[in-house]
Amino acid sequence: MHELSMAQGIINAVLDTANENNATEVNEVTVEVGRLAMINPEQLQFILGVLIENTIIEDAEINFEEIPAEIKCLDCEFDGEAVLDDSDHYAPLVKCPNCDSLSVDIINGKDIVVKNIVIEKPDDV
Ligand SMILES: [Zn+2]
């Protein structure tokens, strides 16, 4: 399952950062999710909820920020946010808003990135 490996990647990144900073607890995690990352957000959130049980992330608030799909059109050279038809989450159609072309280069919006985490350290107490 795609969402499972995504979720595991997110957790590993958060735990790595938390360990490097001697965190005792993670309070907040912000994850950027590209519009073209081809995941089901509800499913990702559900799996994350299961995976963080019994970790220092367990009580963290997990926020998702959606990153729009940015393209460069190969037909009219339009550069910017794409028009998406993602009624099918796993195979979104990416179109140029200017000329309706499907020949586009995707510049941004495919990744899932841990953007920010808020941790608690023993020193803070
Ligand atoms: Zn175009």
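This briefing describes a zinc site and the nonpolar cores of one protein chain. The structure is a predicted model, and every value below was computed from its atoms. In this model a zinc ion is coordinated by four cysteine sulfurs, those of C73, C76, C96 and C99, while the largest nonpolar core holds 22 residues.

**The zinc site**

- The SG atoms of C73, C76, C96 and C99 coordinate the zinc ion at 2.3 Å, and along the chain these donors follow the spacing C-x2-C-x19-C-x2-C.
- C73, in strand β3 (residues 70-73), and C99, in the loop between β6 (93-95) and β7 (104-108), are 26 residues apart, and this pair links distant parts of the chain.
- The arrangement around the zinc ion is tetrahedral because its four donor atoms subtend angles of 107 to 114 degrees; for comparison, the ideal angle for four tetrahedral donors is 109.5 degrees.
- C73 has a relative accessibility of 2% and therefore counts as buried, whereas C99, at 34%, counts as partly exposed.

**The nonpolar cores**

- Within the largest core, the residues that touch the most other members are V26, V29, I57 and I112.
- Two or more residues of this core come from each of the elements α1 (2-20), β1 (25-34), α2 (41-51) and β8 (112-120), and α1 gives the largest share, five residues.
- Leaving aside neighbours within four places in sequence, I112 is in contact with M6, I10, V31, E32, V33, A37, I39 and L44.
- Another core, of eight residues, lies apart from the largest one, and its members include L36, I71, V94 and C73, the last of which is also a zinc donor.

Conventions. Residues are numbered from 1 along each chain as its sequence is written. This is a predicted model: local features need pLDDT of at least 70, side-chain atom pairs count only at pLDDT 80 or more; totals for chains, interfaces and linings use all residues. Side-chain values use heavy atoms; hydrogens and water are left out. Donors are N, O and S atoms within 2.8 Å of the metal (3.2 Å for Na, K and Ca); water is not among the atoms, so sites may look incomplete. Four donors count as tetrahedral if all angles lie between 85 and 135 degrees; four count as square planar and six as octahedral if opposite donors are over 155 degrees apart and all others between 65 and 115; anything else is irregular. Helices (H or I, at least four residues) and strands (E, at least two) are DSSP runs, numbered from the N terminus. Buried means under 20% relative accessible area, exposed over 50%, partly exposed in between (1.4 Å probe, protein chains only). A nonpolar core is a set of buried Ala, Val, Leu, Ile, Met, Phe, Trp, Tyr and Cys residues joined through side-chain atoms within 4.5 Å. Contact means heavy atoms within 4.5 Å.
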